[in-house]
Each structure stands twice: as structure tokens, then as C-alpha cells.
Amino acid sequence: MNLNQLSPRAEMEDLYLPVMAEIKETRRLTDLETLYTVELPDGRDLGHRPGQFVEVSMFGIGEAPFSISSSPTRKGVFELGIRKVGLLTEKLAELEAGTKIGIRGPFGNGIDVEKFQGKDVLIVAGGIGLVPMRSMINHVRDRRDDFGRLIICYGSRSDRELLFTEELEEWEREKRTEYHVTVDQGSPAWKGNTGVITTLIPGLDLDLPNTVCCICGPPVMYRFVLLALKSRGLADRNIYMSLERRMKCGVGKCGHCQINGSYVCQDGPVYHYPDIKTLQEAL
Amino acid sequence: MTRNLDINVEHLTRVEGHGNIVVNMKEGRLEKAQLEIVEAPRYFEAMLKGRSFHEAAIITSRICGICSLGHQITSLKATEQALGLEVSEQTVLLRKLLIHGATMQSNVLHAYFLAAPDFLKVGSVFPLVATHPEVVLRALRMKKLANDIGDVVSGRAVHPITPVPGGFTRIPTAAELTELKRKLEEQMMPDLIATVETMKALAGEIPQFERPTEFISLRSDDDYALYDGDICSTDTGRVPDSQYRRMTNEFVVPHSTSKHCKANRSSYFVGALARWNNNHDRLCDLAGGAAETLGLKPGCCNPYMNTIAQVVESAHCAVDSVAIIDRLLQVGLKDEEPNQEPTRYGTGIGATEVPRGILYHEYTYDKQGRITAANCIIPTGQNLENIDDDMKKLVPEIVDRSKEEITSWLEMLVRAYDPCISCSVHMLDVDFIE
Amino acid sequence: MAQKPRVAIFDFTGCEGCELNQLNFEDQLLDILAHVDIVEWREAMDDRPGEYDIAFVEGSLSTPDCIKRIHEIRRRAKVLVAVGACAVQGGINGMKNIRPIEQVREEVYGEDKYLFPTLPALPLRAVVKVDHEVRGCPMTQIEFLKVFTALVMGKEPIEPTSSVCTECKLKENECVFTKGMICLGPVTRAGCDAHCPTFGQYCTGCRGLVPEPNLEGMKEILVEHGLSVQEAWKRLQLYNAVELEGVRS
Amino acid sequence: MVQFFLESDRVAEFVTHLMKRKPVYAPHRKGRKSYSFERTRDAAGVVLDYPRVMQSVKKFFLPPREQLLSFDLGDNTCRAGEVEPLDAIFLGVHSYDLAAVGRLDHNFSEGRAERNYLTRRQGALWVGVSYEPDEYHFAGSVGIDPYDTEGFDIFLTRLLDGYVLEVLTPAGESLLEGFDLPAHEAGKPAKKHFQQHIYVPQDRLNEVMSASYNNPVWEETALGCVGCGTCNLVCPTCYCFNVEENVDITVTKGSRDRHWDGCMLREFSEVAGGEVFRETLAARQRHRVMRKFKYISEKTGQPWCVGCGRCTAYCTAGISIVNIVNRCISDYEKSTVSAIR
């Protein structure tokens with residue numbers, strides 16, 4: 001078989017070879033989460049879209065995908081908000097500024113921001129789901145006139161677990177950002193809403209035909225958020241979701257992130273809800 | 001002499017398995033001098049009962065990791081005799097090669113790792129890594145090569161895989177055997193000569209102690225008997241292996257989870273020294289020369305010299321391994337399937353010289369090829385009474401030395417036998433009642 | 001690592017083949033010794049100090065004394081690793097549990113049976129917390145090195161859960177079923193690189209059962225290949241009698 | 001198309017001729033009843049009449065275990081794994097196995113092209129051979145005939161006393177240079193019949209499989225399935241892999257390696273936190289079969305099964321993918337018939 005069209009060029013990139021990027025800064029967000037500011041060699045741009053992810057690795061420990069938390073509008077460095085859940089993330093938490101880590105990506109489709117332009121943007125984020133959504137939120141804030149209203153609903157288990165607290169205060173102050181937050185269980189000092197995230201939805205003032213929504217959070221959260229949005233009358237076609245699966249390669253080869261016939265690392269992680277609502281393994 | 005002495009070495013180190021040395025002397029009268037075997041009993045009979053002939057060797061090789069190859073081969077011989085399975089010359093040669101590998105491996109391990117620290121007055125082989133690196137590296141190299149024989153021919157040196165009733169599940173390739181031969185000639189031979197030199201330098205540390213006893217080993221007409229032969233006693237000569245019970249006479253003693261044995265005297269000796277005393281005329285020249293250099297003489301009855309006899313016979317094993325490989329290559333290796341079609345169902349006995357002495361397995365099979373009765377008699381078990389007898393003679397002879405020195409001599413005495421205690425407590429001596 | 005981990009090696013009821021396999025790392029032994037201090041190893045050395053970072057333990061627990069000793073070892077060890085089939089899942093020793101223990105003792109020692117107390121054989125995890133496992137009979141050397149390296153690096157070793165078949169297929173071994181033999185590979189844990197089938201022998205199940213094994217399915221496979229139901233069950237019990245206790249045969 | 005006749009007695013001579021041109025990989029006997037593709041050292045060892053090899057030629061382009069990169073823990077650097085083109089002749093390949101290579105080519109070149117696979121894949125020349133369908137082959141049902149010459153440089157069709165040798169490409173022609181063969185005038189033998197069939201045309205399979213998500217066949221199959229993963233690991237179109245980190249005993253160097261994985265294995269669909277998305281054997285069986293007959297074919301228009309029969313032939317539990325698919329078909333047809341009524 002003569003497959004000349006397949007002949008690889010000599011300079012063909014190696015999909016699996018990470019570039020060594022420097023951690024410029026680490027900031028503890030909570031007991032579990034740390035925000036890493038990362039710089040690629042020569043300060044070159046990552047060139048990502050909101051909702052995309054990178055594969056982060058430490059040699060001898062392993063590699064895993066993490067959502068990019070900074071907006072593409074921020075140049076020179078990018079940010080990763082990472083929660084300690086396993087070996088790699090625990091080892092990452094021990095790293096200090098100046099250390100180099102392996103980066104591959106950006107991967108995944110990300111949010112097609114063109115489709116959101118001119119529309120009211122509703123972001124619903126649960127827990128660590130705020131990490132990828134922050135990329136979109138800041139993108140909208142930086143290109144404020146390209147979009148309609150920016151409505152953020154953020155839910156967390158407790159106020160101690162809220163991420164990016166300084167930024168949250170900023171969003172709260174900003175005139176053109178409508179920010180709503182709730183915690184499942186508040187500390188005595190907590191003055192805000194208490195209750196699960198779905199309690200925020202009935203009170204929202206929405207221009208339904210002109211609103212696009214993006215949801216990110218754990219399965220138990222998005223299943224109920226979907227129900228709540230539907231009961232508000234938001235059409236399926238206006239809903240996007242960011243899903244999580246274990247990915248090894250990030251480039252559609254290893255097969256680990258399959259949802260029925262879909263590869264999360266290729267067709268996702270951000271899905272148009274009508275495309276996945278009938279996939280049995282998706283939701 | 002009115003000395004009181006109370007020695008209790010719990011969990012003797014650098015031996016395989018758990019044993020305590022207990023010596024009691026009151027006002028110069030020796031009340032107790034014995035090796036207590038405290039290894040947990042294994043009850044292998046419960047594991048073997050009703051098992052298929054395919055599994056007998058798999059199970060009995062787990063009696064002991066160190067002697068696993070010996071148990072396996074002996075078990076296969078017993079099964080083959082019981083079921084009337086003929087094996088080919090190639091199978092016999094490959095098995096003999098395996099026994100040589102296992103014998104060298106065990107002897108090297110014992111001489112360098114378990115016994116040598118005594119001669120050099122250190123607690124283990126590990127300090128020697130810093131003080132005598134070339135000796136440790138040589139020992140590792142020799143052990144590795146001996147294990148390579150097991151890896152190549154049987155798939156694994158510990159609990160071998162390929163030897164099954166009637167033959168082998170995989171035959172090594174000519175290239176693999178040629179490579180083994182090259183390493184035996186280019187590496188093992190010089191290392192053996194160096195080992196003899198090392199042992200010669202340490203020979204002054206070997207205690208001078210003698211006690212005439214009965215030495216029992218295999219003896220055959222054509223070679224230094226390891227794979228098979230008659231049972232041969234220095235007291236009474238040769239009897240066929242079918243008479244093994246008459247030559248072992250197991251009995252239970254309270255201080256040992258392993259049974260003891262005796263033949264024509266109160267106790268007897270099995271192992272390298274017994275093989276030497278019975279078969280020194282069958283050794284190759286290299287081994288004979290090693291014996292001369294190390295001062296090992298026929299009729300030797302110093303149990304401490306067992307370690308020397310191990311070194312001597314290792315030289316023989318290396319030389320004979322090369323001869324066996326030559327023979328296999330000359331005839332040409334055949335990809336034979338194991339012969340597993342029984343021609344009878346009955347009782348069979350296997351007797352093999354394993355590193356620590358003569359090993360017996362006996363099985364009876366029913367018509368479905370399942371085990372109904374089994375018996376194994378282990379070399380270490382056979383030596384236990386002899387060790388006790390040695391201690392009873394040794395303690396009064398050295399009673400005016402310090403307690404530490406006496407303890408050290410006793411520990412060295414037990415280690416000289418290279419006892420394999422896990423083996424000895426296999427407990428497989430039962431006729432099942434159906 | 002600032003200080004070398006202190007390592008101790010212990011054995012209980014078993015054949016000590018796993019310990020021997022540790023001495024059989026001829027090529028790596030000096031590298032291993034460079035990374036750790038071996039502070040206790042009865043089979044190889046005399047010294048006996050107190051505390052250790054890692055304890056490798058071989059063998060099953062089968063006497064009252066064993067139970068006492070393993071509690072003591074657990075108390076003194078930061079990390080406890082069960083090594084080999086006997087320690088991990090009871091192994092061959094578990095077969096003695098199949099029949100009443102008094103009957104077994106009497107058959108072996110007759111009227112002297114009371115001289116030697118014994119218990120049903122137990123894996124370590126039945127009595128103390130086990131942190132990691134190195135499976136196999138004898139313990140699988142490649143797995144030991146992986147666990148060892150992971151512990152030295154301060155990371156969790158990954159324990160395989162897939163079947164021996166997966167590794168056997170990667171090596172393209174002729175399936176032993178094809179040769180008319182039986183095999184326990186389909187329900188036995190990988191990690192050995194399908195060592196026995198590579199050498200033409202069937203998998204005897206020494207590395208223990210995969211998680212959530214389909215035992216009924218496996219029995220059917222064995223019966224399909226000519227074993228009786230009873231014989232099929234016995235084959236499964238060879239290394240896994242303790243785990244299969246209470247499972248309907 | 002030029003056709004020659006290659007006498008059985010001259011096959012070894014032909015192999016030797018090819019070996020002079022390039023390295024030859026061909027089926028050889030492995031074990032007592034099995035065959036495997038190996039580098040040919042001795043022409044006499046090549047077996048052209050064989051039912052199937054356990055591992056298809058996939059193993060040369062996507063090796064079972066492969067180093068993706070090596071790293072040095074001391075200076076925190078890494079290097080890509082070495083990959084060389086396999087400039088070789090693959091001799092004695094069955095049509096379904098070359099078709100499977102075509103499927104893999106698609107996987108590794110679509111989206112982001114993979115250097116490792118495509119580099120190895122370069123320079124391969126293909127000499128095919130026809131085969132006698134046995135009780136497991138069903139390639140005919142997915143449109144791949146035993147005499148299918150598509151993609152081959154040279155194809156050998158077996159006759160009683162030799163082979164019809166067809167030269168199909170200029171590369172094939174140059175391979176034959178210096179090897180004289182008589183022309184073959186007569187036609188090719190009649191097509192062989194398959195003993196196994198899937199009972200609907202492939203263009204209707206998507207529709208059938210789409211309706212079969214909740215078919216009881218998955219649960220029923222799971223009763224006998226022991227989840228050993230053999231079916232994935234012998235499939236010539238399965239390409240999923242896992243990646244693991246290996247560090248050497250000195251804890252100074254190591255490598256990131258990949259090895260074949262499979263969706264029948266429990267851990268395969270596990271996500272961070274331990275949730276397994278296809279928890280049951282039934283769900284995993286369904287996913288495997290759907291991958292072959294629906295999920296990928298919906299996107300590519302081709303079934304991702306080539307009918308080699310390996311997953312059935314090597315299944316220790318005797319599970320047949322053909323029986324599963326046919327069961328889905330018959331249940332689907334029953335349901336559509338009753339819907340019409």
C-alpha cells in the first residue's frame with residue numbers, strides 16, 4: 001500500500017514530548033487548591049481558547065490534564081488552578097517558583113467564543129468548575145463590549161472553599177458583572193446565600209432567547225442545574241457544558257476519554273448540550 | 001569441671017527458616033544440647049490430597065524456595081514412576097543440568113553469604129560490600145550465572161516453571177545453551193578457582209572438631225550421583241531407593257516441628273560432605289584438585305568441613321554442566337512434548353541429591369490420576385538428630401571457652417549443615433484414609 | 001531523599017522463596033543497597049535494631065506466635081509491604097484451611113499433635129493494615145522493583161488489576177488453551193508479564209484473583225476444557241483458597 | 001494487470017529473493033498450533049498457508065510497548081523516544097489485516113498526526129496472500145474478500161500447486177526484478193465461501209446498533225465473559241493505549257511508556273476520584289462492539305471491524321462477536337416488524 005499522503009514530514013511535531021515551562025509564581029487558593037502561573041520558553045504565548053486544557057507532567061511521577069484558568073487575553077503567562085487529589089497534584093503542590101514542569105497543549109475544543117458574541121453570557125460553576133470558567137469570565141470582562149450581560153452563578157461547599165476570593169470581590173463590585181454566589185454550608189462569618197447552586201437559578205432575570213449558558217462542575221451539580229435551567233425555559237441549544245474524563249494523550253489517540261463515540265479531548269471538553277443529551281455515558 | 005551454662009539462641013540467623021539453639025549445662029553435666037525447630041508447621045498433606053498429577057510438583061516445590069528445583073525434580077520422578085511415564089534422554093540431561101545450577105546456586109549462597117561472615121567475624125554479607133567488594137561481586141556473579149541456568153532451562157530459578165511430568169513445557173534453544181556454556185567456561189571457571197583461593201585463606205578459621213557418624217547419599221555406577229542412584233551408607237553400602245523408609249525411620253521429638261531420622265546409628269549425616277565421602281572417586285579433576293588444595297580428605301568427619309565440600313562439588317557441577325550442554329548440542333535439541341499419558345496408576349518413589357542432601361518423595365495415585373498418599377523426607381530433617389549429637393559431643397570439648405565463643409561455635413556448627421528449616425517442617429508424611 | 005529509608009525483611013509461614021528472590025537481584029542488589037539501609041534480615045544478617053521505614057513481609061500467619069509478631073512489626077514499621085502469595089492472599093497455605101484443622105493435625109502428628117499449636121493460614125491483611133503488595137509465587141521480581149522504586153521516590157506504587165491474559169497477548173504467546181491445557185490467566189492479576197505461559201506452562205493463579213472476578217464464568221471455561229466442576233474449583237483454590245472461603249463452589 | 005505463476009516449490013526461492021531487497025516480515029510457526037509475524041531469517045520458516053496470526057502487523061507500527069520519551073531526573077530534561085521507519089516487506093498478509101492497517105492509518109493521521117506511528121509506517125511494502133476462511137473469519141460481511149488486492153504491491157492467490165502472483169504497483173514490479181516467473185494465463189480460482197456471516201449489509205448496521213443500546217444481549221454475554229481483555233488485545237483495529245511512568249532502580253533516569261490497553265478492562269474508563277464510567281462487564285462489551293460497528297463507522301463510513309475473527313477465536317469464554325451482532329439484528333428486525341403491525 002502506497003500511502004504517500006501519510007508520509008510524515010521530517011519536522012513533524014512529537015505529540016507526546018512536553019515543553020519545559022517555568023512556574024513563575026504559586027499562590028495558595030485554599031487548603032487544597034493552588035494557582036500556578038506558568039511561562040513557556042521565551043515567554044511565548046500558549047494561544048489557547050477559554051475551556052481548553054493542557055497536559056502537565058513531572059518526570060517520574062506522571063502526566064494529567066488540567067484546565068487553563070487564565071483568559072487568552074492575558075499574554076506572556078498562563079494560569080492553572082490545581083486541586084490536590086492524587087500523586088501528581090500532591091507533588092505539584094510541593095513545587096516552588098522557578099521549577100520547570102512539562103506542558104503539552106493547549107488541547108480540546110474550548111469555548112467557541114464567536115458563538116457567544118453579542119449574547120448574554122450565563123456562567124454556572126460548581127466548586128472547582130470555576131477554574132476553567134474563570135478563563136471565559138475574564139475573557140468576557142476583557143472584551144466587554146463584544147458581549148451582552150455577564151451573569152455568574154458560583155456554588156461552593158463552604159465559604160472556606162471559595163476560589164479566587166479577591167477576584168470574586170472584584171466581580172461583585174463591577175457594574176457590568178452580575179455575580180451570584182452560594183455555599184452549601186456557610187461558616188458563622190458567612191453573610192451571603194446558603195444553599196445548593198440550583199437555588200440561584202429561579203431568581204435570575206434572563207432574556208431567554210438571547211442567553212447562552214456554560215456549565216461546569218461535578219456530575220451531581222450539572223444534572224440538577226440542567227433541570228433548573230430547563231424549568232426556567234432556557235432552550236437546549238443555548239446550553240454548553242464542560243465535561244471531565246481521564247485523558248492520557250490529550251490528542252485523540254489513547255481512547256481513555258471516550259463517551260460513547262465521542263472523544264472528550266477532541267469533541268470536548270466543552271460540549272453543545274444538544275449533541276450529548278442523548279449520549280448515555282455523558283451525563 | 002563444674003560449669004553452669006545456659007545458651008539460648010532464638011531465631012538463629014543466616015539459615016533458612018526458624019530454629020533456636022538451646023544448651024543447658026548444670027555443674028558440668030550437660031542436660032540439654034539441641035536445635036529446636038520452631039518454624040510453623042506447613043501441613044502440605046492437606047494441600048496435596050486429591051490433587052491432580054499435574055499439580056503435585058507445583059505444590060511440593062513450594063515446600064521450600066531454596067530447594068524448589070530439587071523438590072520439583074524429585075516430585076516429577078516419583079509421579080513418573082507411579083504413572084509409568086517414560087522420559088527421554090534429553091529430559092534427563094536437562095534435569096541434570098538444572099540440578100547442577102541449583103546446587104551451585106545454593107552452595108555459593110551458603111559459602112559466601114551465610115558461612116563466610118562467620119569466618120570474617122561480621123554479622124552479614126553487607127559489611128563485606130565495603131571491605132571486600134571484589135569478593136561480593138564475584139559471589140553475585142557466580143550466583144547469577146547459576147541462576148541463569150535455572151532461568152534458561154526451567155523459566156525461573158525459584159519455583160521453576162517448565163519441568164512437568166513427562167518432560168518440559170519449553171525446550172531451551174541451542175543459542176541459549178551455547179551462551180550458558182560460554183559463560184560457564186569464561187566466567188564460572190575462573191571465579192571457582194578464585195573461590196578456592198578465598199576459601200583456602202579462610203580455612204584456618206574452620207573449627208577442628210570430629211565425630212565419626214554414618215554418611216548417607218546416592219551412589220551410581222556412572223557419575224557423581226545427584227539425579228539418581230542407589231542409597232549408599234558409609235556403614236552398610238548400597239540399597240535401592242525403594243528401601244528408603246528403612247534408611248530414614250522418621251520419629252517425632254517434642255522440641256521440633258520437623259521429624260527426626262536415623263538409620264544404622266543414633267543419627268546420620270546427609271549433604272555435600274556425605275556425597276564427598278561416598279563419591280569422591282567420581283569427581284572431575286578440577287574438583288579433585290580443589291579438594292586437595294582445601295585439605296578435604298575422604299572419610300572426613302568434621303561437620304564444619306561441609307562448606308568446603310560444597311565448594312569442591314560446585315567445581316564438579318560447573319565442569320559437568322559444560323559436558324551436558326555439549327552432549328545436548330551434539331545430539332541436537334528436539335521440541336518434544338511432555339509424555340503425559342499414564343500407563344499405570346500406583347506408587348512411585350523419587351530420590352535425588354539436592355544441595356542439603358538426599359531428598360525422597362513418594363506418591364500413590366488413584367485411577368483418576370489424583371494423589372491418595374504422599375510422603376516426603378527432607379535432608380534437613382534427616383540431619384537434625386546428627387546436629388543434636390554433634391552438639392552433645394562438642395559442648396563438653398569446648399566447655400572452658402567463653403560463653404560467646406561456645407555460642408559462636410554452635411551457631412557455626414548449625415550453619416555448616418546449611419539447614420533448610422522451612423523444608424523440614426513441610427509435614428507430608430501421611431497415608432490418607434479414604 | 002535526605003536519609004536512606006531503613007528497611008527490614010521478615011518471614012512467616014512459607015518457603016522463603018520470596019526472600020531468596022530478593023537475594024537473586026544480583027544485578028541490582030548493590031543499587032538497592034545504595035538506596036536503603038537494611039536493618040533486619042534474619043536470613044542474611046545478625047543485627048536487630050528497632051524501627052524501620054519499610055518492612056517487607058513474606059509468608060502467611062499460621063500460629064498464635066505469628067499473630068503476636070506481625071502486630072509488633074506493624075507497630076514498628078511506617079510502611080508495611082506484603083510480599084508474595086502467602087502474605088498477600090494466603091497462597092498455597094490456604095489450602096490447609098479447606099479441611100478441619102484438628103483432622104489435619106492428627107493426620108500429620110498423630111497423638112503428638114498438641115505439641116504444635118496451629119491456626120488456619122491467614123494473609124497479613126486479615127490481621128494488620130497492609131500498605132502495599134508484591135504478588136506472585138515467588139514474588140514477581142519486576143513488581144518488587146517497581147514497588148521498591150516507588151517507595152524510595154515517595155510515591156504510591158500502581159498495583160495492576162487487569163488479567164494475565166492482557167500481558168500474555170502483548171507477548172503473543174501461544175494461548176495454552178490452544179494447546180489443550182487449562183489456564184487461570186483470565187481471572188488472575190497481571191504484573192508478572194505472563195511469565196508461566198511464556199514458558200509454555202499454564203497460569204496457576206499465584207498472583208491472586210482480579211478485582212470482582214467472574215468466578216462462574218471462569219468455572220464454565222474450565223469445565224468447557226474438560227475439568228469436572230469440582231476439579232475446576234480445586235484449581236481455582238490452589239492459591240486463592242482463603243479468598244474463596246465462603247464463596248459457593 | 002500482469003499475472004505470473006509461482007510454483008509451491010519456488011516459494012522459498014521467492015522469499016530469499018525478497019530478503020535480498022529489504023528485510024522481510026512474514027508469518028512463522030509459533031508454539032505448537034499458532035502463527036506469528038516475525039522477521040524472516042530463514043526463508044524455509046515462512047508459512048503462507050495459515051488461518052490467522054494472533055497479532056496482526058499492527059504490532060510493527062504500534063508496538064505493544066513503546067517508549068514515548070526518556071527523562072533524566074537529575075537535570076529535569078527529556079528526549080523523545082527513538083522512532084525509525086520500517087523499510088521492509090510484509091509478506092503473506094491477509095486482506096483483512098491490510099484493511100485494518102488502513103483503519104489505523106486513519107486514526108493516527110486524522111486530527112493531529114502521530115509521528116511515532118506514521119514514521120514506522122513509512123516505506124512498508126505489501127505482499128498479500130489469499131486464505132481459506134475458517135470457522136471464525138467473517139471478513140466478507142464487512143466487505144473484505146479473501147482475494148481482495150486493494151493496497152497490496154503484490155498479491156498471491158493460492159492454487160493447488162502454487163500461487164497466482166499479481167503485480168499491482170510499480171513498487172511491486174521493482175521487487176520482482178531479477179526473479180523470473182512464467183506468466184499465468186488461466187483465471188483465478190472461484191471465490192471461497194465464508195462460514196460466518198453478519199446478516200445485514202454494513203450500511204444498515206449503524207441503524208441496527210443504534211437501536212441496540214438496551215438489548216439484553218449485553219447482560220447475557222456478560223454472564224460468561226470474565227473481562228480478561230483478550231478481545232481488545234488481539235484486535236487489529238484496536239489502538240487504545242495507556243501511559244505509565246517507569247523509573248529505573250537508581251532513581252536517576254526513567255521513561256514514559258505506552259502499552260496497549262482495552263475498553264474491556266475495568267480501569268480503562270476510570271476517572272480521577274475512582275468513578276468508573278462503564279462499571280459493568282455488560283457496559284464494556286457493548287462499548288467494544290459499538291466501537292466496531294457504530295461509533296467510529298458513523299464518523300468514517302466504514303465499520304471498524306475487519307472480520308478477522310480473532311476476538312472470537314481467542315476468547316477464552318467462547319464469546320462470538322458475530323453472534324452478538326446477529327442477535328442485535330434479529331431483535332431489531334422483530335421490533336420493526338411488530339412496529340409495522
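## Two paired strands in chain A

In this predicted model, strand β1 (residues 19-28) and strand β2 (residues 33-39) of chain A are joined by six bridges. The two strands run antiparallel. One residue pair shows the match: A:R27 has A:L35 in β2(A) as its bridge partner.

## The sheet around them

β1 and β2 belong to an open sheet of six strands in chain A. Read across, the order is β4-β3-β6-β1-β2-β5. The pairing is antiparallel. Which strands form the edges? They are β4 (62-67) and β5 (78-83) of chain A, and each pairs on one side only. Neighbouring strands in this sheet are turned against each other by 40° on average, with direction ignored.

What holds such strands side by side? Strands of a sheet pair through backbone hydrogen bonds, and the pairing can be parallel or antiparallel.

## Two domains in chain A

Chain A is divided into domain 1 (3-107) and domain 2 (113-282). Their C-alpha centres lie 22 Å apart. The contact takes 25 residues from domain 1 of chain A and 25 residues from domain 2 of chain A.

How much area do domain 1 and domain 2 of chain A bury between them? The value is about 2100 Å², with 60% of it on carbon and sulfur atoms. Three residues stand out on the domain 1 side: A:P50, A:S69 and A:T73. Together they supply 22% of the area that domain 1 of chain A buries against domain 2 of chain A, more than any other three residues.

## Links between the domains

The count between domain 1 and domain 2 of chain A is one salt bridge. The side chains of A:R134 and A:E79 meet in a salt bridge, at 2.7 Å from N to O. Polar contacts cross this interface too: eight residue pairs are found, both residues at pLDDT 80 or more.

The strands of domain 1 take part in the contact. β2, β3 (53-58), β4, β5 and β6 (100-107) of chain A each supply at least two residues of the side of domain 1 that touches domain 2 of chain A.

## Where chain B meets chain C

Next comes an interface between chains. Here 68 residues of chain B are in contact with 57 residues of chain C. The two chains bury about 5400 Å² between them, 62% of it on carbon and sulfur atoms. On the chain B side, B:Y43, B:R51 and B:F126 supply 13% of the area buried against chain C, more than any other three residues.

The count between chain B and chain C is one salt bridge. The side chains of B:E55 and C:R235 meet in a salt bridge, at 3.6 Å from N to O. Across the interface of chain B and chain C, eight residue pairs are in polar contact, both residues at pLDDT 80 or more. Several helices of chain B each supply at least two residues of the side that touches chain C: α1 (44-48), α2 (56-60), α4 (89-119), α5 (126-131) and α6 (133-154). Which helix gives the largest share of that side? α6(B) does, with seven residues.

## One residue in chain D

D:N246 sits in strand β10 (residues 241-247) of chain D. A polar contact of 2.6 Å joins its side chain to that of D:D257.

What does D:N246 touch, not counting residues up to four places away in sequence? In its own chain, D:N246 touches D:F71, D:G254, D:S255 and D:D257. In chain C, D:N246 touches C:K146.

Note on methods
Residues numbered from 1 in each chain as written. Chains lettered and ligands numbered in written order. Predicted model: local features only at pLDDT ≥ 70, side-chain atom pairs only at ≥ 80, totals over all residues. Heavy atoms only, no water. Helix = DSSP H or I, 4+ residues; strand = E, 2+ residues; numbered from the N terminus. Polar contact = N/O pair within 3.5 Å; in protein donor to acceptor, adjacent residues only side chain to side chain. Contact = heavy atoms within 4.5 Å. Pairing = 2+ DSSP bridges. Axes fitted to C-alpha atoms, helices over the stretch in contact; angles between N-to-C directions. Domains from an automatic or database assignment. Buried area = accessible area lost by both parts, 1.4 Å probe. Salt bridge = Lys/Arg side-chain N within 4 Å of Asp/Glu carboxyl O.
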